[in-house]
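Work through the exercises below with the sequence and the model side by side. Try each task before you read its solution.

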Amino acid sequence: ITSIAIFLRFASLLIGFAIQANFDTSIFPDEANFLVSAQYFFSGAATPYYVYYHNSLILSPLIAGLYALFGPSAFAGRFLSASLGALTVPLTYLLAKELFKNEKKALLAALFLSISFIHRFWTMRALADGPLTFFFVLSIYLFIRAIHSEDLCGFIFAGIATTVTILVKYPGILIYPIILFYLVVSFRFRHTSKRALIYYLITILIFAFTIITLLLSQFALSFQPLDQISYFLHILFSGSSNPFYYIFFPLELNLFWGLFFLILIGSVLFFSLKHRSEGDILLLSWIAIVFIFFSLYGASELYRYLLSAFPAVYLLLSHFFIEMFQKHRFAIHLQLSQKTLLSIFLGSILIWFIITELAFGEYLIPKRATTYGGIYRMSTWLNANGTQGTGLMAPSNALAQLEFYTNSQFEYFALSTSDNPTIIWNYILEHNISYVILSTHFPDTLSLPIWTIISANPANYTPIFIYSNANFETILFNCKY
């Protein structure tokens, strides 16, 4: 099963995204930030102010280490995420065995994760979400083993893994409330002992101090973690999120698939709430806390923010299917019994779910290559026609993409959307910027302050490259003074 996971992820990584048309043009802005910051780590230079680390302190240095092996490239940046994504599969198997003591449930959970189109999509990106999911599962697995053995050393190892998870991406801190809630509920149902709960509280005290020390270290402060945490909390409590977004999102992808998925997940959750085994309590806590936290935080494309909870979902699915098959086990008779019909129905659902994950799911993924294709094609033009050191101004969310595609050979300036036209005009003159790039949804372009300058001074701004896809527009202007 792990071999299947490796093949599915690395085959796509090597041949490019079939659904994205082109390997390079499918690089997301978030990916570009990690890839570019890794280049600066690799070269030992200071990272530009416009590069954002997306709540991860260690992903860029890790990618820089891969650059030393493969050279700076999108493949090197994505290799880490793809590798850890594949290794999450055997980890999920081990966690299932520890929770359910059942080989069949462990194998089925590992199979589900190995073929998951959402997990595959995000673990083939140079993003922190794939590594976060790996260390999330590792930390929970180590905590469960420590709880079962009531070994303080086991809790310390789990605390170390959780600290690494938080450094990979801040939402790793959700592991602590997940395990705490699980321990409290399990203690009430007499699944765990008081000693395990005490050891866990000791672990929290030790590693809370460790995490604060790491965040305040000189190396960490260069990433501005406190500013990132402040921004994260501001978004979390801004009240602008829709708590029902993730519930109805499957229906937006495809009505038929969405109904099937929601009915299946609803049935599994109802079964687990009714069953309330030790494994059910942990997995329901895991899913609920991640779901509630990110429902408050805000929407993400294709369940990206919820990726760390997907192993828990597949563990519950495998638990549900195996329990139902064992309960309604049947023998072949000339006349079909009620149990036989129910087993056939369950088998059909299982086969259909596997087919949708392997095949149909690929067509549900939003095609983004054309959306970002303008920056890629524009970069190709700049590489052929631009002069090294030329000043380029672009929106901050596209600037890292632009720098990655142009191999950092130009000077890059962030285009502000908050400054008034006069400030932007003076900034362009002061820094002798030769090209201005607009890349956004139309007609949002018309509301930008820079558009006011361009409209008022058409002789000073010549459009030399225009690329549009549906309502997403990318324009390159040559500045003349």
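**Exercise 1. The surface patch**

Which helix gives the largest share of the nonpolar patch?

Solution. Keep in mind that this model is predicted.
- Step 1. List the members: the surface patch is formed by Leu152, Ile198, Ile202 and Ile206. Together they have about 290 Å² of accessible area.
- Step 2. Assign the helices. Helix H10 (residues 194-215) supplies three residues, the largest share. Leu152 lies in helix H8 (residues 152-168).
- Step 3. Check Leu152 against the cut-offs. Patch residues need over 30% relative accessible area. Leu152 has 33% relative accessibility and counts as partly exposed.

**Exercise 2. The cores**

Find the residues with the most contacts inside the largest nonpolar core.

Solution.
- Step 1. The largest nonpolar core has 131 residues, and Ile140 and Trp286 have the most contacts inside it.
- Step 2. Helix H4 (residues 74-100) gives the most to this core, with 12 residues.
- Step 3. Look around Trp286, leaving aside neighbours within four places in sequence. Its contacts include Leu95, Phe136, Val137, Ile140 and Ile178. Among them are also Ser308, Ala309, Pro311, Ala312 and Leu315.
- Step 4. Another core, of 16 residues, lies apart from this one. Leu415, Val436, Ile454 and Ile475 are among its members.

**Exercise 3. Two cysteines**

Decide whether Cys153 and Cys479 are buried, partly exposed or exposed, and count the disulfides.

Solution.
- Step 1. Buried means under 20% relative accessible area, and exposed means over 50%.
- Step 2. Cys153 has a relative accessible area of 48%, so Cys153 is partly exposed.
- Step 3. Cys479 is at 8% relative accessibility, so Cys479 counts as buried.
- Step 4. The structure holds zero disulfides.

**Exercise 4. Thr422**

Place Thr422 in its helix, then relate Thr422 to Thr452.

Solution.
- Step 1. Thr422 sits in helix H20 (residues 421-430).
- Step 2. The relative accessible area of Thr422 is 51%, so Thr422 is exposed.
- Step 3. Thr422 and Thr452 are 30 residues apart in sequence. In space, their C-alpha atoms are 9.8 Å apart.

**Exercise 5. The whole chain**

What percentage of the chain's residues is buried?

Solution.
- Step 1. Of the 481 residues in the chain, 54% are buried.
- Step 2. Take the secondary structure: 21 helices and five strands.
- Step 3. Take the contacts between residues at least 6 apart in sequence. Of these, 73% join residues at least 24 apart.
- Step 4. Finish with the surface. The accessible surface comes to about 21,300 Å², and 66% of it belongs to carbon and sulfur atoms.

Note on methods:
Residues numbered from 1 in each chain as written. Predicted model: local features only at pLDDT ≥ 70, side-chain atom pairs only at ≥ 80, totals over all residues. Heavy atoms only, no water. Patch = residues over 30% accessible without salt bridge, like charges linked within 9 Å, V, L, I, M, F, W, Y side chains within 5 Å. Areas by Shrake-Rupley, 256 points an atom, 1.4 Å probe, with all protein chains shown as cover. Salt bridge = Lys/Arg side-chain N within 4 Å of Asp/Glu carboxyl O. Helix = DSSP H or I, 4+ residues; strand = E, 2+ residues; numbered from the N terminus. Buried < 20%, exposed > 50% of the residue type's maximum accessible area, 1.4 Å probe, protein only. Core = buried A, V, L, I, M, F, W, Y, C linked by side-chain atoms within 4.5 Å. Contact = heavy atoms within 4.5 Å. Disulfide = S-S within 2.5 Å.
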